[in-house]
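Please open the model in your viewer with the chain drawn as a cartoon, and keep the selection panel at hand for the stops that follow.

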Amino acid sequence: MSRIFSGIQPSGELHLGNYLGAVKNWVRLQHQHPTIVCIVDYHAITVQYDPEQLRVRRRDMALSLLAAGIDPNIATLFVQSTVPEHTELAWIFNTVAPLGELERQTQFKEKSQRQESVSAGLLTYPVLQAADILLYRADLVPVGEDQVQHLELSRVIARRWNAHFAAGEEFFPEPQALLTPARRIMGLDGQAKMSKSLGNTIGLLEPSDQIWEKLRPAVTDPKRVKRTDPGTPEVCNIYHLHKAFSPPETVEHVAEQCRTAGWGCLDCKHVLHGTMLEELVPIQARAKELNAKLSLINDALATGTARCAMVARETMREVRDKMGIT
Ligand code: ATP
Ligand code: MG
């Protein structure tokens, strides 16, 4: 049976892109496979950040994930830095990761452009990611489309390490990405993917009126300049959000109204706001409950760390042994 591992950075609030591209898959798959969900704080420090804010964001991310439906009685939820073997294995993988491929990673190129000073950690981010996954010998990684390239690299790392140190045997599996239909949600600006670090998000826990204030001016099909201009739903981010939140008959109706200019974009956004809230309101109610019982979050994380620490210790014992490090 496949083992699932996936991570999310505490670099801001959990947004609709994270939820539709990754978290919804985790919630579904936890019932079918052993599933580990990791709040990757060591990844979040590869760009400039505020330490006090990181502490808060880590807890908020745990709360949001539990509210979104991660069940700590079924899945394992923990914070990366509480299991130090992640960084130990990452160092080891640094010695087999090809530098050229790290430099070719799109995320590195994009994020380094936004930094005043680029850290080596931003370059080796996918090496730590490979360590996160392979420490638990997970073979299935539900992620958004932006992470597919990193997963390709984690397969290269697994293959190289196996060839060097396990006589070609598959000690580490080659992890495969698992995508949802909403693998790449665009930001409200329509310029780039929705990202915590770009300020173009709708947060999973945002109040209804705040969500509407963001939806109202959100970019749609640029060819619909006037209310009477017909549109192309496939190029519109709002239509893709409809596909994620609205029932199929609504999606069909929305597409028809867009193509014939029957509706203006605001009409379409109103309907989306309604269907979106149907899904978000129960999540927000659970978040409110959890907020009043923070010990539930701490307990879930502590249990997760204990479970992961055992597996990680055993993997590293074998890795050190095979590498002549003990
Ligand atoms: P940051 O801007 O700090 O990188 P992020 O919003 O990209 O934050 P991550 O923590 O890097 O979020 O990614 C968590 C998961 O969410 C990953 O599986 C990633 O592929 C997925 N994801 C992120 N943004 C989107 C998006 N816009 N559409 C679909 N999936 C996404
Ligand atoms: Mg990201």
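Begin by selecting residues 237–245, helix α11, together with residues 248–259, helix α12, in this predicted model; the axes of these two helices come within 8 Å and cross at roughly 165°. Because angles over 145 degrees count as roughly antiparallel, α11 and α12 are roughly antiparallel to each other. The crossing in which α11 passes α12 is right-handed. To see the contact itself, show the side chains of Tyr239, His242 and Lys243 on α11, and those of Val251, Val254 and Ala255 on α12; among the residues of this contact, four are nonpolar, one is polar and one is charged.

Next, select residues 16–29, helix α1, and residues 265–291, helix α13, whose axes come within 13 Å and cross at roughly 75°. With that angle, α1 and α13 are therefore roughly perpendicular to each other. Here Leu16, Tyr19 and Lys24 of α1 meet Met276, Glu279, Leu280 and Ile283 of α13, a set that divides into five nonpolar residues, no polar ones and two charged ones.

Finally, move to residues 51–68, helix α3, and place a distance label between its end C-alpha atoms, which lie 26 Å apart; this agrees with the 26 Å that 18 residues should span at 1.5 Å a residue. Which residues of α3 are buried? Colour Leu54, and then Met61, Ala62, Leu63, Ser64, Leu65, Leu66, Ala67 and Ala68, to mark them. Just after α3 comes Gly69, where the tour ends and where phi is positive, near 125°.

Methods. Residues are numbered from 1 along each chain as its sequence is written. Chains are lettered from A and ligands numbered from 1 in the order in which they are written. This is a predicted model: local features need pLDDT of at least 70, side-chain atom pairs count only at pLDDT 80 or more; totals for chains, interfaces and linings use all residues. Side-chain values use heavy atoms; hydrogens and water are left out. Helices (H or I, at least four residues) and strands (E, at least two) are DSSP runs, numbered from the N terminus. The expected span of a helix is 1.5 Å times one less than its number of residues. Buried means under 20% relative accessible area, exposed over 50%, partly exposed in between (1.4 Å probe, protein chains only). Axes are lines fitted to C-alpha atoms, for helices over the stretch in contact, and angles run from 0 to 180 degrees between N-to-C directions. Angles under 35 degrees count as roughly parallel, over 145 as roughly antiparallel, 65 to 115 as roughly perpendicular and the rest as oblique. A crossing is left-handed if the near helix is turned anticlockwise from the far one by less than a right angle, and right-handed if clockwise. Contact means heavy atoms within 4.5 Å. Ala, Val, Leu, Ile, Met, Phe, Trp, Tyr, Cys and Pro count as nonpolar, Asp, Glu, Lys and Arg as charged, and the others, Gly among them, as polar.
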